Amino acid sequence: MLSLTNVVFSYQKSKVINKVSFSLENGQHLSILGESGSGKSTLLKAIYGLLDLNEGEIFWNETEVLGPKFNLVPGMPFMKYLAQDFDLMPYITVSENIGKYLSNFYPEKKQERISDLLRLVEMTDFSDVKVKNLSGGQMQRVAIARVLALEPEILLFDEPFSHIDNSRKNNLRRSVFNYAKVKGITCIVATHDMDDALSFSDKIIVLKNGGIIAEGTPIELFNSKDSVDVGKLFGDVNQIDALFLGGLNDEKQLVYPFELEITDWSNLKIEVLKSYFKGKNYLIEAHYDNGVLFFEHGTLLANNSQFYLKLKDNVSI
Ligand code: ADP
Ligand code: MG
C-alpha cells in the first residue's frame, strides 16, 4: 500500500502541498486531478522521493520514501516517473531509448520486449529513427514505452498524453493503462483531463491550492455534486437556484447540461443564445432569470426562441 500522511511541502514560503493524506492499494490506479498550478506535479515528485518534505511521511509498504537529503540517487528504485518534460536521449534511436535500462544479458528477450512495447505505443515504424527527429507526441509515446519497459512496482505519470493527438489518445490510454493493470503495476496519473481518469481510475483525488478537495471513485465524484470545482472537471456544469427546479429553497444546485430537458411549462424559462453542434447532439447556451445556463438537445434551436426547462425524471435535487 502507498500511504501519505499529512504531507506538507513548500518551495519557498507558501505551501504548495498542504496536509495531503491518502492511501492506495497495490495494483490500483489513482488519478490526481486539478487545474494548472494546483500542485499535481509537485505531489508526484514528492511521492517519487525528489523532494524533502517539510512535514508528514510517505510509505510504500514498509519502505519510507525519503528525499534527496537522505538518498545519494534521488528517486525510489521500485518506482518509475514519467516527467512532464520526458527526458529522452535525442541522438539515439527510438528502440535504443526504450531499451536503455534493460539488461543486455538476454539480447533476444530484450529485443522481443522492445518490439512489444513499440507495438503498444504504436511506434513500430519508427524503431530506427533518432529521437531528435520525432514530433512531440511521438517522443511522448517513446517516453511512455521506456518507463513501462522496466515493470516497476509503481508508475508515476505526469500529464502522459498531453502531446498526443486526439485520434490516437483513446487507444493509447487503453493500451497503457490496461497493460499496467494486467502487470499489477500501481499507477498514479497527474492530469487536468477527466478523460484520462474517468474510465480507468479506482480512485481520484482532486487538488486545489495544494490540498485535497474531493476524493472517491469516478462515479462517487460524478454523483456527489458537492463542489463546482469538482463538477467543472466533468465539463460544463450549471449552478441553478433550486427554486427554478421545483425545490423549496434558493440554494444553488449543480446540474450537468444533459440533466435538463424542454417541457411544456416550469419555473425555469429560458431564451436561447446559441446552439453548438457536438456531433451526437447540440449544446444550447441560454439565458434565464439571472444568468446563463447550458443544456443538451437533439436538434438546433433558433436564437432568441423561448422554452421551459425541467430536470429529467431520473434526476433529483
Ligand atoms: P501543477 O502540476 O498542478 O500544474 P505544480 O506542482 O507544477 O502544479 O505547481 C504548484 C505550484 O508550485 C505553482 O504555484 C507553481 O508555480 C509552484 N512551483 C512549481 N515548481 C516550482 C519551483 N521549482 N520553484 C518554485 N515554485 C514552484
Ligand atoms: Mg504539472
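Author: Before we start, one term: buried area is the accessible area, with a 1.4 Å probe, that two parts lose on being put together, summed over both. And keep in mind that this is a predicted model.

Reader: OK, how much area do domain 1 and domain 2 bury between them?
Author: The protein chain splits into domain 1, residues 2-228, and domain 2, residues 236-311. Their centres, taken over C-alpha atoms, sit 39 Å apart, and four residues of domain 1 touch six of domain 2. Carbon and sulfur atoms hold 68% of the buried area, which comes to about 530 Å².

Reader: Which residues of domain 1 lose the most area to domain 2?
Author: Three residues do most of the work here, together making up 94% of what the domain 1 side buries. They are Phe 222, Lys 225 and Val 228.

Reader: Let's zoom out. What share of the protein chain's 317 residues is buried?
Author: The C-alpha trace spans about 75 × 45 × 35 Å along its principal axes, and the secondary structure adds up to eight helices and 17 strands. A residue counts as buried under 20% relative accessible area. By that cut-off, the buried share is 49%.

Reader: Which residues coordinate the magnesium ion (ligand 2)?
Author: There are two contributing atoms, an OG and an OE1, at 2.1 to 2.7 Å. One belongs to a residue in helix H1 (40-48) and the other to a residue in the loop between strand S6 (79-82) and helix H2 (94-98), so the pair ties together parts 43 residues apart in sequence. The residues are Ser 41 and Gln 84.

Reader: Is Gln 84 buried, exposed or partly exposed?
Author: Its relative accessibility is 40%. Since buried means under 20% and exposed means over 50%, Gln 84 comes out as partly exposed.

Reader: Which strands stand at the edges of the open four-stranded sheet?
Author: That sheet pairs in the antiparallel sense, with the order S2-S1-S4-S5. An edge strand has a single partner, so one side of it is left without a neighbour in the sheet. That describes strand S2 (17-24) and strand S5 (63-64).

Reader: What is the bridge partner of Val 8 in S4?
Author: Strand S1 (residues 2-9) and strand S4 (residues 55-60) run antiparallel and share five bridges. In S4, Val 8 is matched with Glu 55.

Reader: At what angle does H1 run to S2?
Author: H1 is the helix that holds Ser 41. H1 lies across S1, S2 and S4, and its angle to S2 is about 60°.

Reader: What phi does Lys 19 have?
Author: Lys 19 is in strand S2 and, at 48% relative accessibility, counts as partly exposed. Most residues other than glycine have a negative phi. Lys 19 isn't a glycine, yet its phi is positive, at about 55°.

Reader: And where is Asn 304 found?
Author: Asn 304 is another non-glycine with a positive phi, about 75°. Asn 304 is exposed, with a relative accessible area of 54%. Its place is the loop between strand S16 (291-297) and strand S17 (306-311).

Reader: What is the average twist from one strand to the next in the open five-stranded sheet?
Author: The order there is S13-S17-S14-S15-S16, with antiparallel pairing. Strand S13 (260-263) and S16 each have a single partner, so one side of each lacks a neighbour in the sheet. From strand to strand, the twist averages 50°.

Reader: What is the bridge partner of His 287 in S16?
Author: Strand S15 (residues 282-288) pairs antiparallel with S16 over seven bridges. Across that pairing, the partner of His 287 is Val 292.

Reader: What is the relative accessible area of Asn 97?
Author: Asn 97 lies in helix H2. Leaving out residues up to four places away in sequence, Asn 97 touches Leu 88, Met 89, Ile 92, Val 131, Val 142 and Arg 146. Asn 97 is buried, with a relative accessible area of 0%.

Reader: Last one: which residue in S10 stands opposite Ile 204?
Author: Strand S9 (residues 203-208) is mostly covered, with five of its six residues buried. Strand S3 (residues 29-33) runs parallel to S9 over four bridges, and there Ser 31 has Ile 204 as its bridge partner. S9 is also joined by five antiparallel bridges to strand S10 (residues 211-216), and S9 and S10 form a hairpin with two residues between them. Opposite Ile 204 in S10 you'll find Gly 216.

Key: Residues are numbered from 1 along each chain as its sequence is written. Chains are lettered from A and ligands numbered from 1 in the order in which they are written. This is a predicted model: local features need pLDDT of at least 70, side-chain atom pairs count only at pLDDT 80 or more; totals for chains, interfaces and linings use all residues. Side-chain values use heavy atoms; hydrogens and water are left out. Donors are N, O and S atoms within 2.8 Å of the metal (3.2 Å for Na, K and Ca); water is not among the atoms, so sites may look incomplete. Buried means under 20% relative accessible area, exposed over 50%, partly exposed in between (1.4 Å probe, protein chains only). Two strands pair if DSSP finds at least two bridges between them. Contact means heavy atoms within 4.5 Å. Axes are lines fitted to C-alpha atoms, for helices over the stretch in contact, and angles run from 0 to 180 degrees between N-to-C directions. Domain bounds come from an automatic or database domain assignment.
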